[in-house]
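Student: I am new to this structure and would like to look closely at one part of it. Could you take me through a helix and the sheet it belongs with, and then show how that part sits in the rest of the chain?

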Amino acid sequence: MSASPPSIPRFHLAMPVDDLDAARRFYGDLIGCAQGRSSDTWIDWNLHGHQFVTHLAPAPSKRVHNPVDGHDVPVPHFGLILSIPEFHKLADRFREADTEFVIEPYLRFEGLPGEQWTMFLLDPAGNALEFKAFADDSQVFAV
């Protein structure tokens, strides 16, 4: 039996981590991603229906920041667009776990096109993540 294709294409993303056990705790326990296949050097995660893979790669990557809305946004970064209640629930989980934010949760572009809740943090390997939420989904690509 095969599953019907999703209405929106799912992404596949592989990111380097320097500790798979720390990745299990962060992505599995803290964020709540279901773990899929794994080996001694990688783990597949179900990140809200997307295939996210953490690969063991002990060498650090170069970090860059770009100014956006008065903040230094880390590049590269990845993340999810959540509903507003999911966004705040996840932000609360990060706070309860004493997660250090690169950019604390806040309402970006308030009153402007693209208004969104956003937060940035690093995973245990230093990969930058952004989680965001829009009150109006039509604003995701607003200009």
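Tutor: What follows begins with the chain as a whole, turns to one helix and its sheet, and ends with two residues elsewhere.

Please keep in mind throughout that this is a predicted model. The chain holds two helices and 10 strands, and when it is read along the sequence these elements follow the pattern β-α-β-β-β-β-β-β-α-β-β-β. Along its principal axes the C-alpha trace spans about 45 × 40 × 30 Å. A compact globule of 143 residues would have a radius of gyration near 15 Å, and the chain, with 16 Å, agrees with that expectation. Of the 143 residues, 35% count as buried. If we take the contacts between residues at least 6 apart in sequence, 54% of them join residues that are at least 24 apart.

The part to look at closely is helix α1, which covers residues 20–30. Just where α1 starts, a side-chain oxygen of D19 comes to within 2.9 Å of the backbone nitrogen of D21. Along the helix, the buried residues are L20, A22, A23, F26, Y27, G28 and L30. In reading such a list it helps to recall that an α-helix has 3.6 residues a turn, so residues three or four places apart point the same way. After α1 comes G32, a residue whose phi is positive, near 90°.

Now consider the sheet that belongs with this helix. It is an open sheet of four strands, arranged in the order β1-β4-β3-β2, and its pairing is mixed. At its edges lie β1 (12–17) and β2 (34–38), each of which pairs on one side only. From one strand to the next, the twist averages 25°. Strand β2 pairs with β3, which covers residues 42–47, in the antiparallel sense, and three bridges connect the two. As one example of a bridge partner, Q35 has W45 in β3. Helix α1 packs on this sheet and touches β1, β2, β3 and β4 (50–56), while its direction makes about 5° with that of β3.

The aromatic residues let us follow the link between helix and sheet in more detail. A search of the whole structure finds eight aromatic pairs. In one of them, the ring centres of Y27 and W45 are 6.3 Å apart and the planes stand at 40°, so the pair is tilted. Because Y27 lies in helix α1 and W45 in strand β3, this pair ties together parts that are 18 residues apart in sequence. Y27 has a relative accessible area of 0% and is therefore buried, and W45 counts as buried as well, at 4% relative accessibility. Y27 also forms an aromatic pair with F52, again tilted, with 4.9 Å from centre to centre and 50° between the planes. That pair links distant parts of the chain, since Y27 is in helix α1 and F52 is in strand β4, 25 residues apart. F52, too, is buried, with a relative accessible area of 0%. These three residues belong to one aromatic cluster, which is formed by F26, Y27, W45, F52, F78, F94, F101 and F131.

Two residues elsewhere in the chain can be set beside this picture. Q116 is found in strand β9, which covers residues 116–122, and at 5% relative accessibility it counts as buried. Its side chain is joined to that of K132 by a polar contact of 3.1 Å. Leaving aside residues up to four places away in sequence, Q116 touches Y106, L107, R108, F109, E130, K132, A133 and F134.

H65 lies in strand β5, which covers residues 64–68. With 39% relative accessibility, H65 counts as partly exposed, because that value falls between the limits of 20% and 50%. Again leaving aside residues up to four places away in sequence, H65 touches D72, V73 and P74. The C-alpha atoms of H65 and P76 are separated by 8.4 Å, and these two residues are 11 residues apart along the chain.

To return to the part you asked about, helix α1 packs on the sheet and touches β1, β2, β3 and β4, and Y27 in that helix pairs with W45 and with F52.

Terms used
Residues are numbered from 1 along each chain as its sequence is written. This is a predicted model: local features need pLDDT of at least 70, side-chain atom pairs count only at pLDDT 80 or more; totals for chains, interfaces and linings use all residues. Side-chain values use heavy atoms; hydrogens and water are left out. Buried means under 20% relative accessible area, exposed over 50%, partly exposed in between (1.4 Å probe, protein chains only). A polar contact is a pair of N or O atoms within 3.5 Å; within protein, one must be able to donate a hydrogen and the other to accept it, and residues adjacent in sequence count only if both atoms are side-chain atoms. Contact means heavy atoms within 4.5 Å. Two strands pair if DSSP finds at least two bridges between them. Axes are lines fitted to C-alpha atoms, for helices over the stretch in contact, and angles run from 0 to 180 degrees between N-to-C directions. Rings of Phe, Tyr and Trp (its six-membered ring) pair if their centres lie within 6.5 Å; planes under 30 degrees apart count as stacked, over 60 as edge-to-face and the rest as tilted. The radius of gyration is taken over C-alpha atoms; the globule rule is 2.2 Å times the number of residues to the power 0.38.
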